[in-house]
Number of protein chains: 2
Amino acid sequence: MTDPAVPIRTRRKRQARGEERIREIVRAAAVVFAERGPEAATTNAIAAEAGISPGSLYQFFSSKADIARALSEHYAAELSGVRQTIMDVGQGTSIEASIDAVVGPLVAFSLAHPGFKALFARSDLPADMRDAVAPVQQAMHQTVATLIARFMTERDPADVDRIATVAIQIVRGMMPLIIEAPDPATRDALTAELRTALAGYLTRA
Amino acid sequence: MTDPAVPIRTRRKRQARGEERIREIVRAAAVVFAERGPEAATTNAIAAEAGISPGSLYQFFSSKADIARALSEHYAAELSGVRQTIMDVGQGTSIEASIDAVVGPLVAFSLAHPGFKALFARSDLPADMRDAVAPVQQAMHQTVATLIARFMTERDPADVDRIATVAIQIVRGMMPLIIEAPDPATRDALTAELRTALAGYLTRA
DNA sequence: TAAATATACGAGTATCTACTCGTATATTTC
DNA sequence: GAAATATACGAGTAGATACTCGTATATTTA
């Protein structure tokens with residue numbers, strides 16, 4: 001039974017064009033997710049948008065949920081810059097100032113990345129996709145909780161956690177309205193309302 | 001060409017068992033929508049839950065969106081009692097008291113009617129269903145705006161409208177968490193957070 | 001250069017879903 | 001009681017979708 005050398009062939013390194021294809025598929029997935037929503041986004045449509053065949057798509061991803069996972073991780077990476085900026089606001093700033101530091105960039109990011117809303121604004125994704133994006137969602141929750149904890153140094157961590165959850169849900173509720181606002185003035189007004197709602201909640205929570 | 005008497009046969013009156021079937025189908029739809037969500041809820045599953053054949057279902061409803069419409073109207077009717085109670089709170093009560101008068105019954109209603117959340121908590125239903133439930137959604141918006149207007153007698157109606165929209169989105173964001181809370185204590189805590197969020201927003205808006 | 005493997009294709013498959021249709025029975029109307 | 005119609009059935013249809021498979025080419029490794 002002792003098997004000295006089972007040469008389970010390790011996959012040879014991915015080629016440069018493979019990496020490029022993956023990037024192209026993730027980009028296409030963002031477009032299709034944004035246009036049709038997570039359940040109506042078909043793998044064939046993603047392949048078409050990427051300019052490749054369905055077979056090639058499955059050369060790099062094992063399932064639609066796997067594509068969603070890659071897309072969510074892509075957004076997490078893109079957001080890390082934003083997160084750094086946010087975390088850099090001084091420890092002594094007011095709740096309102098911190099909210100301003102978060103809301104503006106987040107709205108800008110959502111506008112620039114239309115697929116982001118499709119993946120993160122919904123709390124009831126199909127099970128397989130929800131599982132796929134859960135790690136990134138939890139990381140975002142952690143970031144928000146850390147930020148909120150600065151203003152609630154005396155509070156129980158469980159309280160801070162709950163407050164972070166509520167704040168995220170408020171953002172989730174408002175973001176679709178903001179993104180799909182018919183004109184910039186409406187968008188700005190709704191963004192201001194989001195700031196008001198967050199400030200109102202967090203100063204009372 | 002002049003046709004003096006085109007006897008377009010007017011459909012004979014629906015029988016009592018037909019009315020009963022319709023009630024049964026709507027009830028079944030609520031169950032299936034709650035269990036699977038609006039897009040995964042299949043008409044065959046609704047028929048099975050109602051204990052009838054797919055063909056019989058289409059005897060009474062022309063499409064899945066048509067069933068969603070009937071369900072949303074059913075909820076609107078069920079909610080009219082709640083609305084009456086809410087509207088009866090005195091004109092002079094505080095914002096907080098009014099919020100309490102709304103949130104408690106609304107959470108209770110959502111818990112007692114699991115399909116309600118599936119239809120009303122989502123802002124991105126498939127187009128045909130969204131159109132089907134739009135009238136009821138608008139009626140609910142009107143009710144909320146009327147209630148809010150009591151505290152904002154000086155405000156422009158457009159402002160009141162926008163504030164009502166934001167308040168509804170806050171509720172929409174929180175309701176899934178409240179309904180799916182793992183235990184009653186968590187549910188009560190989240191319901192309290194919803195009250196806090198609404199009070200915080202409305203006193204600042 | 002030759003073997004090995006990554007990339008690429010796209011028609012095809014199994015499965016699912018909204019909805020139909022031919023047919024049969026229950027109820028109402030006259 | 002008989003014609004007309006509402007109710008009921010459930011196998012069947014057309015269309016869609018996630019994913020596969022046989023095959024062919026490009027690239028890398030030795």
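In this predicted model, helix 8 (residues 157-179) of chain B and helix 9 (residues 184-204) of chain B cross at roughly 170 degrees, and their axes come within 10 Å. Helix 8 of chain B and helix 9 of chain B are therefore roughly antiparallel to each other. On the helix 8 side of chain B, the residues that meet helix 9 are Val166(B), Ala167(B), Ile170(B), Val171(B), Met174(B), Leu177(B) and Ile178(B). Their partners in helix 9 of chain B are Arg187(B), Leu190(B), Thr191(B), Leu194(B), Ala197(B), Leu198(B), Tyr201(B) and Leu202(B). By class, this contact has 13 nonpolar residues, one polar residue and one charged residue.

A second helix pair in chain B is formed by helix 4 (residues 64-87) and helix 5 (residues 95-112), which pack at an angle of about 165 degrees with their axes 10 Å apart. That angle makes helix 4 of chain B roughly antiparallel to helix 5 of chain B, since angles over 145 degrees count as such. The crossing of helix 4 and helix 5 of chain B is right-handed. Helix 4 of chain B brings Leu79(B), Val82(B), Thr85(B) and Ile86(B) to the contact, while helix 5 of chain B brings Ala101(B), Val102(B), Pro105(B) and Phe109(B). Seven of the residues in the contact of helix 4 with helix 5 of chain B are nonpolar, one is polar and none is charged.

**Contact between the chains**

Between the protein chains, 24 residues of chain A are in contact with 24 residues of chain B. Helix 8 (157-179) and helix 9 (184-204) of chain A each supply at least two residues of the side of chain A that touches chain B. Of these residues, 10 come from helix 8 of chain A, the largest share. The side of chain A that touches chain B divides by class into 10 nonpolar, eight polar and six charged residues.

A turn of 180 degrees with a shift of 0.0 Å along the axis lays chain A on chain B with an RMSD of 0.0 Å. That is the relation of a two-fold axis. In chain A, the C-alpha nearest the axis belongs to Gly200(A), at 1.9 Å. The same surface serves both copies, as 100% of the contact residues of chain A recur in chain B.

**Surfaces near the DNA**

DNA strand C is surrounded by 24 residues, of which the closest are Arg12(A), Gly18(A), Ser53(A), Gly55(A) and Thr42(B). Two or more residues of the surface near DNA strand C come from each of helix 1 (16-36) and helix 3 (54-60) of chain A, and from each of helix 2 (43-50) and helix 3 (54-60) of chain B.

DNA strand D is likewise surrounded by 24 residues, and the closest are Thr42(A), Arg12(B), Gly18(B), Ser53(B) and Gly55(B). The surface near DNA strand D takes at least two residues from each of helix 2 (43-50) and helix 3 of chain A, and helix 1 (16-36) and helix 3 of chain B.

The table gives the largest helix share and the residue classes for each strand.

| Surface near | Largest share | Residue classes |
|---|---|---|
| DNA strand C | helix 3 of chain A, four residues | four nonpolar, 12 polar, eight charged residues |
| DNA strand D | helix 3 of chain B, four residues | four nonpolar, 12 polar, eight charged residues |

How values were computed
Residues numbered from 1 in each chain as written. Chains lettered and ligands numbered in written order. Predicted model: local features only at pLDDT ≥ 70, side-chain atom pairs only at ≥ 80, totals over all residues. Contact = placed C-beta atoms within 7 Å. Nonpolar A, V, L, I, M, F, W, Y, C, P; charged D, E, K, R; others polar. Near = placed C-beta within 6 Å. Least-squares fit on C-alpha atoms with pLDDT ≥ 70 in both. Axes fitted to C-alpha atoms, helices over the stretch in contact; angles between N-to-C directions. Parallel < 35°, antiparallel > 145°, perpendicular 65-115°, else oblique. Left-handed = near helix turned anticlockwise from the far one by under 90°.
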